[in-house]
Amino acid sequence: MRYLRGSSEAMSDQNSIINPIDVSRRRLLKASLAGSVLAVAPLSSVWAANERSLSLYNLHTGERINQPYWMAGNYLPESLSAINNVLRDHRSGEVYPMDPGLLDLLSALQQRVGSRHGYEVISGYRSPKTNAMLSSKSKGVAKRSYHMQGKAIDIRLNGCDLKQLHKAALSLKAGGVGYYPSSDFIHVDTGRVRRW
């Protein structure tokens, strides 16, 4: 028995049948892509740019980076690697690939508030061991934090009031947003849209 997979040879074969699993996969993929496009629509202004860059300052290590991470339709591997290094777990030194969508979210947020200043980073990537330690000491640290997947960051933005930054992050509707005024930072992630 042969399955129709879209090749012209298979399509011309009168005895071919369509595999229902393939059809279901295609429908699921189309639905997922449609949902993804709707979820990231607020980031379209970032996508329209010829260049995307970020300025990050890690408060724990004193390291800075200020460079493009996307140019001419492509993410720049060397820049992503440098960003991953700056956003590493400062306790363990472990480097993990950050979600490029998170970088786009930060870029969109910066555009939304109209700032050219750099972000101060409180926490980027967290290893599972670091996250477990922090979670055991504080109820404010999720046991399955997106920080462990490179999909979350805790930040503040020079020259931007924290309330304004929080409001702008919520308006993007592009992931989770947490507000920590007593610690002077917000949390953003590329998970589902939610707030706390």
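Here are some notes on the pockets, two helices and a few single residues of this predicted model.

1. Start with the largest pocket, which comes out at about 550 Å³. Its lining is made up of 24 residues, and those nearest the centre are Arg126, Gly140, Val141, Asp154 and Tyr180. Three elements each give two or more residues to that lining: β6 (119–123), α6 (128–137) and β9 (185–189). Of the elements, β9 gives the most, with 3 residues.

2. On the chemistry of that pocket, the lining splits into 8 nonpolar, 9 polar and 7 charged residues. Arg126 and Asp154 are both among the residues nearest the centre, if you want a place to begin looking.

3. Next, the closed space. Searching the whole structure turns up 1 cavity of 30 Å³ or more, and the volume of the largest cavity is about 50 Å³. Its lining includes Asn58 and His60, the run Arg88, Asp89, His90 and Arg91, and another run from Val121 through Ile122, Ser123, Gly124 and Tyr125 to Arg126. Strand β6 supplies the largest share here, 3 residues. By class, the cavity lining has 3 nonpolar, 5 polar and 4 charged residues.

4. It is worth viewing the pocket and the cavity together. Arg126 is one of the residues nearest the centre of the largest pocket, and Arg126 also lines the largest cavity. Strand β6 turns up in both places too: it gives two or more residues to the pocket lining and the largest share of the cavity lining.

5. Which residues of helix α4 (residues 77–86) are buried? They are Ser79, Leu80, Ile83, Asn84 and Val86. These span an arc of only 160° around the axis, so they sit on the same side of α4. The spacing fits the usual rule: an α-helix has 3.6 residues a turn, so residues three or four places apart point the same way. Pro77 and Glu78, on the other side of α4, are exposed. Among the elements covering the buried residues are the strands β3 (51–58), β4 (64–71) and β5 (74–75), along with helix α5 (100–113).

6. Helix α6 has a buried side as well, formed by Thr130, Asn131, Leu134 and Ser135. Looking down the axis of α6, you find these within an arc of 130°, so they line one face of the helix. Turned away from that buried side are Pro128, Lys129, Ser136 and Lys137, which are exposed.

7. Within α6, Thr130 deserves a closer look. Thr130 counts as buried because its relative accessible area is 6%, under the 20% cut-off. Its side chain makes a polar contact with the side chain of Ser127, at 3.1 Å. Setting aside neighbours within four places in sequence, Thr130 touches Asp89 and Arg91. Asp89 and Arg91 are also in the lining of the largest cavity, so to speak a second meeting with the pair.

8. Finally, two backbone oddities to check by eye. Ala72 is not a glycine, yet its phi is positive, near 50°; Ala72 belongs to the loop between β4 and β5. With 66% relative accessibility, Ala72 is exposed. Asp184 likewise has a positive phi, about 60°, without being a glycine. Asp184 is found in the loop between β8 (176–180) and β9, and at 36% relative accessible area it is partly exposed.

Terms used: Residues numbered from 1 in each chain as written. Predicted model: local features only at pLDDT ≥ 70, side-chain atom pairs only at ≥ 80, totals over all residues. Heavy atoms only, no water. 1 Å grid on protein atoms, 1.4 Å probe; cavity = no way out; pocket = protein on both sides within 12 Å on 5 of 7 lines; lining within 4 Å. Points joined across faces, edges and corners; volume = space filled by probe spheres on them. Helix = DSSP H or I, 4+ residues; strand = E, 2+ residues; numbered from the N terminus. Nonpolar A, V, L, I, M, F, W, Y, C, P; charged D, E, K, R; others polar. Buried < 20%, exposed > 50% of the residue type's maximum accessible area, 1.4 Å probe, protein only. Arc of directions from axis to C-beta. Contact = heavy atoms within 4.5 Å. Polar contact = N/O pair within 3.5 Å; in protein donor to acceptor, adjacent residues only side chain to side chain.
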